[in-house]
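User: Could you walk me through reading a few features of this model? I'd like the general idea, then the case at hand.

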Amino acid sequence: MNALARLGTAVDGCINELPMTRVAGHVREVAPTHVRVAGLSSHIRLGDRVSIEEAGRATIGEVVRIDSAAATVKLFDERAPVGIGALAYRTGALALSPSPSWKGRVVNAIGAPLDNLGPLVRGERSMPYDVEPPSAMQRSRVEAPLKTGVRVLDLFTPICKGQRIGIFAGSGVGKSTLLAMLAGCEGFDTVVVALVGERGREVREFLEGPLAPNRHRSVVVLATSDESPMMRRLAPQAALCVAEYFRDRGESVLLIVDSVTRYAHAARDVALAAGEPAVARGYTPSVFSTLPKLLERAGPGLEGTGSISAVFSVLVDGDDHNDPVADAIRGTLDGHIVLDRAIANEGRFPAVNVLTSISRLAELAWTPDERELVRKLRTLIARFEDTRDLRLMGGYHPGSDPDLDRAVTLTPRIYEALRQLADAPPSRDAFAELAQAIQG
């Protein structure tokens, strides 16, 4: 071996013995909403994770803004003690590795177990948090109707497998109860539930109550209201990662997100910390571009895979159904179910307003006879509600208007037939049950 070859061999050996190095930045600003890290701007990208290490403790955050001087990092745990000068390292983009063993488990927004049942098994496939929806031209078509077991929905706003529908309601109108009823819907291989910004008190009530019969086939992603905006923003994305994993395995998945509004609130907080301006009731432009990307990930998968049937709850602020977020979501989904506070005040649950609720895929679920019957029922209910004030003032005289007479006679019976408590058995044949109630 000549001298040059020996020198090359010696250099290679020295390189192999050198320790791995990491590019480090340092914290130069700490604010209640974010920290600023200098020295990493040319080595990181938006969405990358950054580990800030100080006094033997590592705090994870996400890069939300980059400029030449420093990067803005939003921490997952805003209560973590971070000081000026702490070292910061890039740790890569966020991803999950679900596996079939995750069924029956409760995890947080970054995939850590919360149920004290031991560590999670990592799957072989890594699922990024932020992925593109399936191609519009390669997606399967929505065709198969679905029986939810909720009478008012199966009658007036039927749902199909692969459909995305929203439940729009103010606070305290029964939105979470209706979602719990839908969680027990049959016909799905897997149920994925994202609880975003929920009260901690309600979590076990939901898991051990309505979800209990289906807990063995469910994955719950939890981010309670006291957690940081980063965790609340990631929870629906994590749930979609899990749902997409099971969809790609050919399974039929039911995805429930409660609520998308709290996701929008968290996304707004993150965007404001990144320096975005507020454009509509405090919401930033990125909120309205992020929502369709999130919602479009649900739905039918590519040909040969499964589907994600999604139910998104939308908390309308101040009962204003034209709220910017509610309006943006309503235009993206395949239908909307409106819960009315006036109906709830009457004690009629689910408090669905059948006149303002619509399913854009109802034609695939109804037979021609059912479609005509529903049309007539809507006409009766509309006539009954339009003349409510007239009847209260004594302006209605039986026998003067046969159509109104029919509406006054039948609509209360229809309303009574639509009443269904959360602990009631699921409806098996909504049209037969309605016919029996009307005849009775």
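**Reading the barrel, a loop residue and a cavity**

Analyst: Sure. Keep in mind that this is a predicted model. Where shall we start?

User: With the barrel. In what order do the six strands close?

Analyst: The general idea is that strands of a sheet pair through backbone hydrogen bonds, either parallel or antiparallel. Here six strands close into a barrel, and the order runs E1-E2-E5-E4-E3-E6 with antiparallel pairing. From one strand to the next, the twist averages 45 degrees.

User: Over how many bridges do E4 and E5 pair?

Analyst: Five: E4 spans residues 57-66, E5 spans residues 71-75, and they pair in the antiparallel sense. Glutamate 62, for instance, has lysine 74 in E5 as its bridge partner.

User: Now the loop between E5 and E6. Is alanine 80 buried or exposed?

Analyst: Compare the relative accessible area with the cut-off: under 20% counts as buried. Alanine 80 comes out at 9%, so it is buried. This residue sits in the loop between E5 and strand E6 (87-93).

User: Which residues does alanine 80 touch, leaving out those up to four places away in sequence?

Analyst: Arg57 and Thr59. Arginine 57 is 23 residues away from alanine 80 in sequence, but their C-alpha atoms are 9.3 Å apart in space.

User: And cavities? How many of 30 Å³ or more turn up in the whole structure?

Analyst: One. The largest cavity has a volume of about 70 Å³. To read its character, sort the lining by class: eight nonpolar, three polar and no charged residues. Among the lining residues are Leu146, Phe188 and Gln163. Strand E17 (residues 307-315) supplies the largest share of that lining, three residues.

Conventions:
Residues numbered from 1 in each chain as written. Predicted model: local features only at pLDDT ≥ 70, side-chain atom pairs only at ≥ 80, totals over all residues. Heavy atoms only, no water. Pairing = 2+ DSSP bridges. Helix = DSSP H or I, 4+ residues; strand = E, 2+ residues; numbered from the N terminus. Axes fitted to C-alpha atoms, helices over the stretch in contact; angles between N-to-C directions. Buried < 20%, exposed > 50% of the residue type's maximum accessible area, 1.4 Å probe, protein only. Contact = heavy atoms within 4.5 Å. 1 Å grid on protein atoms, 1.4 Å probe; cavity = no way out; pocket = protein on both sides within 12 Å on 5 of 7 lines; lining within 4 Å. Points joined across faces, edges and corners; volume = space filled by probe spheres on them. Nonpolar A, V, L, I, M, F, W, Y, C, P; charged D, E, K, R; others polar.
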